[in-house]
Amino acid sequence: MAGPGLSRRSVLRGAGAGAFGLASIAVLPLFSTRDLKQDPAACRATDRSATDKRLVVSNWPAYIDEDDPDNDYTSTLTDFQKEFGIDVSYVADVNDNVEFFGKVKNQLGACAPTKRDMFMLTDWMAARMIQMGWIQKLDKSKVPNLDKNLISSLQGVGWDPNRDYSAPWQSGFTGIAYNKSLVKEVRTMDELLTRDDLRGKVTMLTEMRDTMGLMLLSGGKDPSKFSSDDWAGAIDKISAARRRGQIRAFTGNEYLNDLSAGNIAACVAWSGDIAAAEDENLVFVRPEEGLMIWSDNMIVPNLASHQANAEKWIDYYYDPAVAAKLAAYVWYVCPVDGAQAEMEKVDPTLVDNPLIFPSEDYLKATHVFMALEEATMRQYEGDFNDVISG
């Protein structure tokens, strides 16, 4: 079986990640343009799934297993096509949430076809599209495995509380990582921001929801439900640390090379990156105050002409045996309950890997970021970018 491949978050947070905040602010006002909103019930296509056995899926690069004839390995995608007789056009053209938004916003905003039946977007972008009325409601009778097998920590999210519109594809954690060859364990965000041995050797992420979610937790606040005063306190705290010189930089995925090379000693990090690094000196830590969990979500856009086929796909990937096979390849948090038991048959060495199958205790410490209204989102993104640029 393949080990961890190219990190999906690595692709997202590559060389251009430093401009993420400014780019996102540039496009966010488009969401609030009234004439772009749609009524998904009135913006539906006739479903041709019964007679047209096709499915068009857009996903992130390196985010699904692949056929390997040399090792007699058949991918989950190939198995799906054989089982259901559906011809899948699987395209890895989601390289960034904002970039992909730019590809489809004109069609979705005008109730025109995107020529896609499904795409995978990170929580905050999926939430925005659902709020804009651009996403079709799932027929729950066709996705019984989703309700039956979705892990508890991903249920009841504020932006889609009943998972009527979305199904997590894979998930990951945002926490702390440190290089154990350089420093002792870093257990809390307060240590990260105050310890003298870390001064000038810390990086934090340019992704607002990841970094500020942890900052809110460090102040005893709930990232899924916080006030403007809570937010201001967290911003003040991180700003003070920046002024003291504790934080070397705000980065995208490039933190990983710096951590391995010893240019930094500790940082805010994504679990998948640390797992994929295969560097014994790098340790991913669940902060004592808790950590953030994120997902990339399967969603069906308006005017998708093969929604029933898309729902077959969702139900198929929520079969624990299929989910285990996929998880063994991509090394992200598996969102499917029952997949851990099935992993015994796939790769027993991964059964107890906490970054794929976290324990219930581990999951109890995870939090999601609150869905934001448009004006609040722009304000918070602006506040955060003031810290980054300060």
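**A buried helix and the core around it**

Helix α5 has these buried residues: Asp123, Trp124, Met125, Ala126, Ala127, Arg128, Met129 and Ile130. The model is a predicted one. The helix spans residues 123-131, and 8 of its 9 residues are buried, so the rest of the structure largely encloses it. After α5 comes Gly133. Its phi is positive, near 75 degrees.

Take Met129 from this helix. What does Met129 touch, beyond residues up to four places away in sequence? Its partners are Phe101, Val104, Leu108, Phe119, Leu121, Trp134, Ile135 and Ile299.

Met129 also leads to the largest nonpolar core. That core has 124 residues. Met129, Met204 and Trp313 have the most contacts inside it. Which helix gives the largest share of this core? Helix α13, residues 320-330, supplies that share with 7 residues. Where does the core lie relative to the two domains? Domain 1 covers 54-165 + 300-318, and domain 2 covers 172-293 + 375-389. Both give residues to the core, so it lies between them.

Now turn to another helix, α6. It runs over residues 144-149 and holds Asn145. Is Asn145 buried or exposed? Its relative accessible area is 18%. Buried means under 20%, so Asn145 counts as buried. Leaving aside neighbours within four places in sequence, Asn145 is in contact with Leu150, Asp315, Tyr318 and Asp319.

Methods
Residues are numbered from 1 along each chain as its sequence is written. This is a predicted model: local features need pLDDT of at least 70, side-chain atom pairs count only at pLDDT 80 or more; totals for chains, interfaces and linings use all residues. Side-chain values use heavy atoms; hydrogens and water are left out. A nonpolar core is a set of buried Ala, Val, Leu, Ile, Met, Phe, Trp, Tyr and Cys residues joined through side-chain atoms within 4.5 Å. Buried means under 20% relative accessible area, exposed over 50%, partly exposed in between (1.4 Å probe, protein chains only). Helices (H or I, at least four residues) and strands (E, at least two) are DSSP runs, numbered from the N terminus. Domain bounds come from an automatic or database domain assignment. Contact means heavy atoms within 4.5 Å.
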